[in-house]
Amino acid sequence: MNPAAAPSLHERLLAHYPMLAALPAGEAQAVLARDAMHLKAPTGMLLFDEGAPCGGFPMVLAGAVRVARGSPGGRSLELYRVTPGELCVVSASCLFGHAAMSAHGVAAEDTELVLLNPAGFERWCTHAPFRQYVFGIFADRLADLMALAEAVAFQRLDQRLAAALLGRGAVLRATHQSLADELGTVREIVSRLLKRFERQGWIAVGRERIDVLDSTALRTLAAGEAPRPV
């Protein structure tokens, strides 16, 4: 008995982006054959950069793409992550506006994706199901970015760090630098706050590892209902 054939690229995309099934017969396959590249990116690989022309539209099959804005001083602020089934609104906005990229994207882990070239993206956007999906993601991302702007403007950094430590399980595999990048600050400040949290007994800090010992205390701080750790 022959083993089952591996799913095609089109079938794998459909599993994460079911709206492609609503395209006219053969349309998805035609674009994938002519206007798309199948890429595998190792952790840390730069996929697109600020100020560069948009090379295409990424659709993630596995892994995650971290999209962030940088500063001349080397700091960065994570805007969002693109995981399987999600879309990159920075890439879409640049393609719609024929503008340069306004953020950079890095593989947050080993990542597999399909990159539609501008012609393929434009072709799929002529069909209402794909176009409506893209605009729906725009609305969701706009709400997320507004919440991020509010947090940066009005929340203390210790609140934001406490929130960043929650919802990832009892053990976080993260470096101080990766947390600093996520929060748009510098590693030294994050390290100082983590030491304060550790003195409070809320976490234990190891090498590229943080154990959450008191999630209730972190959640209370994240909600702004507790004094800063001392």
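Guide: Two strands count as paired if DSSP finds at least two bridges between them. Keep that in mind as we look around this predicted model.

Visitor: What makes β9 and β10 a pair?

Guide: Strand β9 (residues 203–206) and β10 share 4 bridges in the antiparallel sense. The requirement is at least two, so they count as paired. Ile203, for instance, stands opposite Val212 in β10. The hairpin of these strands has 2 residues between them, and Glu208 takes a positive phi near 50° there.

Visitor: Why do β8 and β10 count as paired?

Guide: Strand β8 (residues 171–172) and strand β10 (residues 209–212) are joined over 2 bridges, again antiparallel. At least two are asked for, so this pair qualifies. Val171 stands opposite Asp211 in β10.

Visitor: In the open sheet of 3 strands, what is the order?

Guide: The order is β1-β7-β3, with antiparallel pairing. β1 (36–41) and β3 (57–62) each have a single partner strand, so one side of each is left without a neighbour in the sheet. On average, neighbouring strands here are turned by 25° against each other, direction ignored.

Visitor: How do you know that β1 and β7 pair?

Guide: There are 6 bridges between β1 and strand β7 (residues 111–116), in the antiparallel sense. With at least two needed, the pairing therefore holds. One bridge links Met37 to its partner in β7, Leu115.

Visitor: Why is the pair of Phe57 and Phe130 called edge-to-face?

Guide: Their planes stand 80° apart, and the centres are 6.3 Å from each other. Pairing needs centres within 6.5 Å and edge-to-face needs over 60 degrees, so both conditions are met. Phe57 lies in strand β3 and Phe130 in helix α5 (residues 128–154), so the pair ties together parts that are 73 residues apart in sequence.

Visitor: What makes Phe57 buried?

Guide: Its relative accessible area is 0%. Buried means under 20%, so Phe57 qualifies. Phe130 also has 0% and is buried.

Visitor: Why is the pair of Phe197 and Trp202 called tilted?

Guide: The planes of Phe197 and Trp202 are 45° apart, with 5.5 Å centre to centre. Stacked needs under 30 degrees and edge-to-face over 60, so 45° leaves tilted. Phe197 is buried, and so is Trp202.

Visitor: How do you know that Cys54 is in no disulfide?

Guide: The nearest cysteine sulfur, that of Cys94, is 5.6 Å away. A disulfide needs the sulfur atoms within 2.5 Å, so Cys54 has no partner. For Cys88, the nearest cysteine sulfur is that of Cys54, 7.8 Å away. The count of disulfides comes to 0. Cys54 counts as buried at 14% relative accessibility, and Cys88 at 1%.

Visitor: In helix α4, which residues are buried, and how do they lie around the axis?

Guide: In α4 (residues 118–125), Gly120, Phe121, Trp124 and Cys125 are buried. Seen down the axis of α4, they fall within an arc of 135°, so they line one face of the helix. An α-helix has 3.6 residues a turn, so residues three or four places apart point the same way.

Visitor: In the largest nonpolar core, which residues touch the most other members?

Guide: They are Leu20, Phe57, Met59, Val67, Trp124 and Phe130, out of 37 residues in that core. Helix α3 gives the most to this core, with 5 residues. Phe57, Trp124 and Phe130 also appear in one aromatic cluster, whose members include Phe96 and Phe121.

Note on methods
Residues are numbered from 1 along each chain as its sequence is written. This is a predicted model: local features need pLDDT of at least 70, side-chain atom pairs count only at pLDDT 80 or more; totals for chains, interfaces and linings use all residues. Side-chain values use heavy atoms; hydrogens and water are left out. Buried means under 20% relative accessible area, exposed over 50%, partly exposed in between (1.4 Å probe, protein chains only). The arc is that of the directions from the helix axis to the C-beta atoms. Axes are lines fitted to C-alpha atoms, for helices over the stretch in contact, and angles run from 0 to 180 degrees between N-to-C directions. Rings of Phe, Tyr and Trp (its six-membered ring) pair if their centres lie within 6.5 Å; planes under 30 degrees apart count as stacked, over 60 as edge-to-face and the rest as tilted. A nonpolar core is a set of buried Ala, Val, Leu, Ile, Met, Phe, Trp, Tyr and Cys residues joined through side-chain atoms within 4.5 Å.
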